[in-house]
Amino acid sequence: AMFGVFRHARHGMADDGAKSRLALLVPHIRRAVLIGRVLEERSYRAASLGDACDGLAAGVFLVDAAGSLAHANASGHELLRPGGPLQLRDNRITSANRDAATAIAEMIAAAGRGDTATGTRGVSLPLRDRDGVPYAAHLLPLSSGARRHAGARYAATAALFVHKADIDIPAAPEVIARTFELTLSELRVMMAIVEVGGM
């Protein structure tokens, strides 16, 4: 933005009257510039937070005390697909499973009231999608410390993190090799003995 003051040549150079009138405007212009900078900084921070959340593999949902969705990252929107572990009804996070839906509503309500039941570390809940794939949900209250500021922009009282509950178990040979510090050749010999039935 640009602000300029122009005088016609017939009015001559700026006199004391013009300068005093301009002095009345300058504080307002300066305040507008400062407010603009603050808004720009907050917008940048919000955009950075949104970008960071979108980069997470886990679904992130910011919800208010009534369970209404204030913000969801890209992975979160994917979890709301038909048949997914979560659903959005009347802009509220819920589940097709009645017990899970009740538990989610109770968790969110407790976080909104600041109940000690959720604690500062939050509470977890197992979920499943329509195909029976397991998911884990973790609700974190945004009512203490720096978390309060993270949720303030969205009027959120809790953050719900949801991810697939896959357990990455290394193959047995890899575990054995690491445990007993076997070389690749030693591991091959041991696996050949096991397959033949010598152990």
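**Exercise 1. The order of elements**

Task: Work out in what order the helices and strands of the protein chain follow one another from the N terminus on.

Solution: Helices (H or I, at least four residues) and strands (E, at least two) are taken as DSSP runs and numbered from the N terminus. Read in that direction, the elements run α-β-β-α-β-β-α-β-β-α-β-α-α, which comes to 6 helices and 7 strands. The model is a predicted one, in which local features need pLDDT of at least 70 and side-chain atom pairs count only at pLDDT 80 or more, while totals for chains, interfaces and linings use all residues. Residues are numbered from 1 along each chain as its sequence is written, and side-chain values use heavy atoms, with hydrogens and water left out.

**Exercise 2. The sheet**

Task: Find which strands form the open sheet, in what order they lie, and which of them are the edge strands.

Solution: Two strands are said to pair if DSSP finds at least two bridges between them. By this rule 5 strands form an open sheet in the order 2-1-7-6-5, with antiparallel pairing. Strand 2 and strand 5 are the edge strands, since each of them pairs on one side only. Neighbouring strands of the sheet are turned against each other by 25° on average, direction ignored; here axes are lines fitted to C-alpha atoms, for helices over the stretch in contact, and angles run from 0 to 180 degrees between N-to-C directions.

Now look at two of the pairs. Strand 1 (59-63) and strand 2 (69-72) run antiparallel and are joined by 3 bridges, and L62 has H71 in strand 2 as its bridge partner. The hairpin of these two strands has 5 residues between them, and in it G67 takes a positive phi near 90°. Strand 5 and strand 6 also pair in the antiparallel sense, over 6 bridges, and S124 has H138 in strand 6 as its bridge partner.

**Exercise 3. The nonpolar core**

Task: Identify the residues with the most contacts inside the largest nonpolar core, and the element that gives the most to this core.

Solution: A nonpolar core is a set of buried Ala, Val, Leu, Ile, Met, Phe, Trp, Tyr and Cys residues joined through side-chain atoms within 4.5 Å, where buried means under 20% relative accessible area, exposed over 50%, and partly exposed in between (1.4 Å probe, protein chains only). The largest such core has 22 residues, and those with the most contacts inside it are F61, L86, I93, L127, L160 and V162. Among the elements that each supply at least two residues of this core are strand 1, helix 3 (98-113) and strand 7 (158-164). Helix 3 gives the most, with 6 residues.

Helix 3 lies across strand 1, strand 5, strand 6 and strand 7, and runs at about 155° to strand 5. As for V162, once its neighbours within four places in sequence are left aside, its contacts (heavy atoms within 4.5 Å) include F61, L86 and L127. In soluble globular proteins, nonpolar side chains tend to be buried together.

**Exercise 4. The salt bridge**

Task: Locate the salt bridge of D129 and R81, and explain which parts of the chain the pair ties together.

Solution: A salt bridge is a side-chain nitrogen of Lys or Arg within 4 Å of a carboxyl oxygen of Asp or Glu, and the structure holds 1 of them. The side chains of D129 and R81 meet in it at 3.9 Å, N to O. Because D129 lies in the loop between strand 5 (123-128) and strand 6 (134-141), and R81 in the loop between helix 2 (74-79) and strand 3 (87-89), the pair ties together parts that are 48 residues apart in sequence. D129 counts as buried at 9% relative accessibility, whereas R81 is partly exposed at 30%. Not counting residues up to four places away in sequence, R81 touches L86, D129 and Y135.

**Exercise 5. Positive phi in a loop**

Task: Decide whether D90 and N91 are buried, partly exposed or exposed, and state the phi of each.

Solution: Most residues other than glycine have a negative phi. D90, however, has a positive phi near 55°, and N91 has a positive phi of about 65° although it is not a glycine. D90 lies in the loop between strand 3 and strand 4 (92-94), and N91 is placed in the loop between strand 3 and strand 4 as well. D90 counts as exposed at 75% relative accessibility, while N91 counts as partly exposed at 38%.
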